[in-house]
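Please read the following account alongside the sequence and the coordinates. It goes through the chain by region and by type of contact.

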Amino acid sequence: MSESSRIHVNQIGYLPGQRKVAAVVGPVNTRTFCVTESETGRVVFQGELTGPIADATSGDEVWHADLTALSQPGAYRLTVDGVGTSPVIRVGADVLTDITKAVFKAFYFQRCGMALDSSHAGPWHHAACHTADARLPNPDGGWLDARRPHRGGWHDAGDYGKYTAPGAKAVADLLLAYAFAPALGQVSWNIPESGQGLPDVLAECRYELLWLLQMQDPATGGVHHKVTTKRFPGLTVMPEDDTDEWYFSPISATATASFAAVLALASRFYRPYDPAFSRRCLQAAEHAWAWLAAHPEVPGFRNPPDVFTGEYGDPNDADERFWAAVELYRTTGRAEYQDAAIALCNGRVFNPYGLGWADVGGYGAIACLFAAGLEDDEAGGTRLTPAPAHEWPFADELRAGFLALADHLAGRTTESGYLHSLREEDFIWGSNMEAANRAMHLFLAHRLTGDERYAQAARHHLDYLLGLNPLGQCYVTGFGSRPVQHPHHRPSVADGVEAPVPGLLAGGPNRGLQDEAARQHLAGRPPAKCYLDHAGSYATNEIAIYWNSPLAFALAAAWFTPAG
Ligand code: G3I
Ligand code: 9MR
Ligand code: ZN
C-alpha cells in the first residue's frame, strides 16, 4: 500500500520505553491497524484505533494508534486499510544521536567571522565573513566615524545580523542542556575545537560569548542592542559577499541585562576549564549590572531611523533584570544581587516562566529552582539539580507555579490530536520555538519532581516537531522522511548546494501570514497548517539560533533521560 499523507509519526524515531502514538487523519472505515517490520513485511501486531479527537488547531479528525508496545529496536510501518501506510517508524536507544548532534552543529554553521572549512562544514563550507569593524552610534543620534570590532558570534537567523538578547537566550539554552545532561560533554560533532579538552558544547558557546563581550561599551558597561547592516542583504547573498557597512545599534537595557545574566551563568561553566575566561565573563557581567543600577528607567529599544534589520523591541526590562540579578547572586553569593532579585520578583510585572527572546523570566526561575554549574557537581552525575528551597523567600510559590504550568501543558497534550499543547493563539511567528520551549519546561518539571507524566509530555512536544503534526512535516532541515528543504536561510539559498544546511529548525506555522508567500498560499488555512516550505516565507520558514537552542535542549534531555 502507498505511503499515506494521512498518517503522521515522529519521523526520527522513538526510544524503546517511550509512549508512541501515531495520528491517523479520518475519516476511517476500519478501526483496525497493523504494524509490520518495514524490511520483511512481517506482521508484528495488530491493534484498534482510538478516537476520534476533533483537533482544534488543525480542523482534523484524528484517530490514534498506540504503538507503545513496540519496544524492540527496529524499523516498522503502520498500515490502516483504506488509508495507507505510515513513514518508517524507528525504535532504538540511539535514534536521537544523529539529529541531536546536527542540531548542536547548526550553531557552528551559523558562525560569523571565520571560514567554515570543508573538513568541518562539508559541502556547506564558505569563506570568512563580516570581518570589518562596525561604526559606533553617536549618543545624540546618527553615527560616529569611530569603529570597533565585532568578530565572531553566530548569525542570528536567515539573516546575518547579530543581536544581543536573542544570542543570550541561545547560549543559556545550550549551557542548560549541558547542565541537564552532562553526558553531552562527551559528545562531539566535529567542530574545529573538538578534542582539545573543552566539551564541544562549551567550545561552541564560547564562540558566541567572545562575540557578546565585544557588544559591551568598555566605558559604561552598557551593551549594544545589536550589530547589523542598515538593511537586510538580498536572499541570494553569501555571508562573505555581504560587504555593506555594519553598525552597532545603541545600548539597551534588555541587551545589557540579558548579557549580564548569561555571562554570569557562563562564568560558572568555564571555571574548571579556563579560570581566566570565567573571571572575564563575571567581570563583564558585573560591569553590565553597574550600568543597569545607574539606569533604573530606560525606554525600550527602537531601531534608529535608518536601520531596518530585526528590532527585537521589548519595552519591559524587569524580567531581564531579574534573570541577571539571580545569576549574579548564584555566581558571586553577594547580598546586593539577592536583594535586587527579591525586589524584582516581589514587584513582579513579568511572566516568571517565559523562555522567549523577549520574555526571559523563566531563566531567572530556573536559576532559582535549580543549582546549575559545574561547581555543583561534587556529588557526580546530574549537575542541574533542584536547589535548596530556603534561598529565596518566593521559592515555594515559584516552584508551585512552575509545576502548575507544567500540569497545564501536560493536560493539554491529552486534548490534542497531535499531542502538543499549542492553542490557536500560539501559532505566531516562531511557534516551533514555543513548542520546543514547552518541551524544555516539561523536562525541567520532570527533573524537579521525577513525575514521568512531565517527561512524557515533553517527548510528545518533540514528536510534534519531528513529524507528528497535521502537515506530516519534520521541521528540521536534513532529517526525517519529509524534512524542511527550502528554509529562509541565506547560505542555504545562495551556496549552490541543493541540500540546505542541516540541523536547522524552521519557525513553523504562523497564522499571522506575515509575508507575501504565506499570504498567497496559506490564506484561510487553520492555524497549525499555516506553514510553507518556501524560501520566501520568512514568517514561517526562517530559522533562528534561539529556535534551534530549545530544540537542542529538548533533544539532549530526551536522549539522556531514560524513558518509561
Ligand atoms: O506577542 C504577540 C501576541 O500577544 C499577539 O497575540 C500575536 C498576534 O500576532 O503577536 C505576538 O507578537 C508577535 C511576536 O513576534 C511574538 O514574539 C508578532 O506578531 C510577530 O510579528 C513577532 O515576530 C518576530 C519577528 O522577528 C518580527 O519582528 C519574531 O518573534 C522574531 O523571532 C523575528 O526575529 C527575526 C529578526 O527580527 C531578524 N532576524 C530573523 C529573526 C527570525 O525571523
Ligand atoms: O530576510 C529577512 C528576515 O531575516 C527577517 O526575519 C524578515 C522580517 O524582518 O525580513 C526578511 O527580509 C525581507 C524584508 O523584510 C522585506 N523584503 C524581503 C526580505 C526577504 O528577502
Ligand atoms: Zn558573518
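**A walk through the predicted model**

Cys345 is buried, since its relative accessible area of 3% falls under the 20% limit. The model is a predicted one, and it holds zero disulfides. For Cys345, the closest cysteine sulfur belongs to Cys368, and the separation of 6.6 Å is too far for a bond, because a disulfide needs two sulfur atoms within 2.5 Å. Cys530 is also without a partner: the closest cysteine sulfur, that of Cys474, is 20 Å away, which is too far for a bond. Cys530 counts as buried, with a relative accessibility of 2%.

The beginning of the chain carries a record annotation. In an unreviewed UniProt entry, residues 3-84 are annotated as "domain: Cellulase Ig-like". In the model this span is 46% strand and 0% helix, and its end C-alpha atoms lie 6 Å apart.

Further along is helix H10, which runs over residues 395-413 and has 19 residues. From its first C-alpha to its last, H10 reaches 27 Å, close to the 27 Å expected at 1.5 Å a residue. Its buried residues are Ala395, Leu398, Phe402, Leu403, Ala406, Leu409, Ala410, Arg412 and Thr413. What covers them includes three helices: H9 (361-369), H11 (431-449) and H12 (452-465).

The loop between H10 and H11 contains His420. His420 is buried, because its relative accessible area of 2% is under the 20% limit. Not counting residues up to four places away in sequence, His420 touches Arg412 and Thr413, along with Thr57, Phe427, His461 and Tyr464. Arg412 and Thr413 also appear among the buried residues of H10. Thr57, another of the residues that His420 touches, has a number inside the annotated span 3-84.

Trp429 is placed in the loop between H10 and H11 as well, and it leads to the aromatic contacts. The model has 25 aromatic pairs. In one of them, the ring centres of Trp429 and Tyr538 are 5.9 Å apart and the planes meet at 35 degrees, so the pair is tilted. A tilted pair is one that is neither stacked, with planes under 30 degrees apart, nor edge-to-face, with planes over 60 degrees apart. Tyr538 belongs to helix H15 (residues 538-541), and the pair links distant parts of the chain, 109 residues apart. How accessible are the two partners? Trp429 is partly exposed, with a relative accessible area of 37%, and Tyr538 counts as partly exposed at 35%.

Aromatic residues also group together elsewhere: Tyr163, Tyr312, Trp357, Tyr546 and Trp547 form one cluster. Two arginines lie over ring faces. Arg111 is over the face of Tyr207, 4.4 Å from the ring centre. Arg447 is over the face of Phe180, at 3.8 Å from the ring centre.

The last stop is Asp359, in the loop between helix H8 (335-346) and H9. Asp359 is partly exposed, because its relative accessible area of 41% lies between the limits of 20% and 50%. Leaving aside neighbours within four places in sequence, Asp359 is in contact with Asp319 and Gly354. Its C-alpha atom is separated by 8.9 Å from that of Asp317, a residue 42 places away along the chain.

Note on methods. Residues numbered from 1 in each chain as written. Chains lettered and ligands numbered in written order. Predicted model: local features only at pLDDT ≥ 70, side-chain atom pairs only at ≥ 80, totals over all residues. Heavy atoms only, no water. Helix = DSSP H or I, 4+ residues; strand = E, 2+ residues; numbered from the N terminus. Expected span 1.5 Å × (residues − 1). Buried < 20%, exposed > 50% of the residue type's maximum accessible area, 1.4 Å probe, protein only. Contact = heavy atoms within 4.5 Å. Phe/Tyr/Trp six-rings, centres within 6.5 Å; stacked < 30°, edge-to-face > 60°. Lys NZ or Arg CZ within 6 Å of the ring centre and 35° of its normal. UniProt positions renumbered as here; feature names shortened; annotations may be inferred.
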